[in-house]
Amino acid sequence: MKTQDSISDLLVSLQNAQRAGLKFFYNEYSCEKINILNVLYYNGYITGFFFHIINNKKKILIIFPKYFNFVPIIKKIIRLSKPSIRRYVPVIKLFKFSKQLGIVLISTSFGIISSFDAFFL
């Protein structure tokens, strides 16, 4: 099923999978999702992910959420910028958000990175 916003589809699927206590879940493949999952993996929010090709045509992502003592690592997911409403934030304000939220993902000309990495660009 095609969705209008593939990033929110990934984030909602991740949150629902963790609430249900799933060991893994499937999602459609896209390069944006791979970049987001790379940042989440390197910051310790998911156990891992890989993609699988079905019938030499369709690619799907298999994502493994991370738990600590059977409690999900990700407590809450908030999306600040949406396709209809873009929000631009200076780098200095990102630390305020990251202290409150934990991690902030940013789309830059270098790709999708965390707020900590954006400070050193």
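Ile106 stands opposite Ile113 in S7, and that pairing belongs to a ladder of four bridges that joins strand S6 (residues 105-108) to strand S7 (residues 111-114) in antiparallel fashion. Strands here pair if DSSP finds at least two bridges between them; strands (E, at least two residues) and helices (H or I, at least four) are DSSP runs, numbered from the N terminus. The S6-S7 connection is a hairpin through two residues. The model is a predicted one, with local features requiring pLDDT of at least 70 and side-chain atom pairs counted only at pLDDT 80 or more, while totals for chains, interfaces and linings use all residues. Residues are numbered from 1 along each chain as its sequence is written, and side-chain values use heavy atoms, with hydrogens and water left out.

A second antiparallel arrangement turns up earlier in the chain, where eight bridges hold strand S2 (residues 46-54) against S3. Within it, Ile53 sits opposite Lys59 of S3. This hairpin has three residues between its strands, and Asn55 in the turn takes a positive phi of about 55 degrees. Lys59 also shows up in a charge-ring arrangement: its charged end sits over the ring of Tyr29, 4.8 Å from the centre. For that label, NZ of Lys or CZ of Arg must be within 6 Å of the ring centre and within 35 degrees of the ring normal.

Now for the interior. In soluble globular proteins, nonpolar side chains tend to be buried together. A nonpolar core is taken as a set of buried Ala, Val, Leu, Ile, Met, Phe, Trp, Tyr and Cys residues joined through side-chain atoms within 4.5 Å, with buried meaning under 20% relative accessible area, exposed over 50%, and partly exposed in between (1.4 Å probe, protein chains only). The largest such core has 17 residues, of which Leu14, Ile36, Leu37, Leu40, Ile46 and Ile63 touch the most other members. H1, helix H2 (31-42) and strand S3 (58-65) are the elements that give two or more residues to this core. A second, separate core has five residues, among them Leu94, Val104, Ile113 and Ala118. Back with Leu37, its contacts (heavy atoms within 4.5 Å) beyond four places in sequence are Leu10, Ile46, Phe49, Leu61 and Ile63.

Aromatic rings of Phe, Tyr and Trp (its six-membered ring) pair if their centres lie within 6.5 Å; planes under 30 degrees apart count as stacked, over 60 as edge-to-face and the rest as tilted. There are five aromatic pairs by this rule. Phe24 and Phe64 make a tilted one, at 6.1 Å centre to centre with 55 degrees between the planes. Phe24 lies in the loop between H1 and strand S1 (25-28) and Phe64 in strand S3, so the pair ties together parts 40 residues apart in sequence. Both rings belong to partly exposed residues, with relative accessible areas of 40% for Phe24 and 26% for Phe64. Ring pairs also link Phe24, Tyr26, Phe50 and Phe64 into a cluster.

Lys23 is in that H1-S1 loop too, and it counts as exposed at 70% relative accessibility. Leaving aside neighbours within four places, Lys23 is in contact with Ile63, Phe64 and Pro65.

Asp5, in the segment before helix H1 (6-20), counts as buried at 18% relative accessibility. Its side chain makes polar contacts with the side chains of Ser8 (3.1 Å) and Arg79 (2.5 Å). A polar contact is a pair of N or O atoms within 3.5 Å; within protein, one must be able to donate a hydrogen and the other to accept it, and residues adjacent in sequence count only if both atoms are side-chain atoms.
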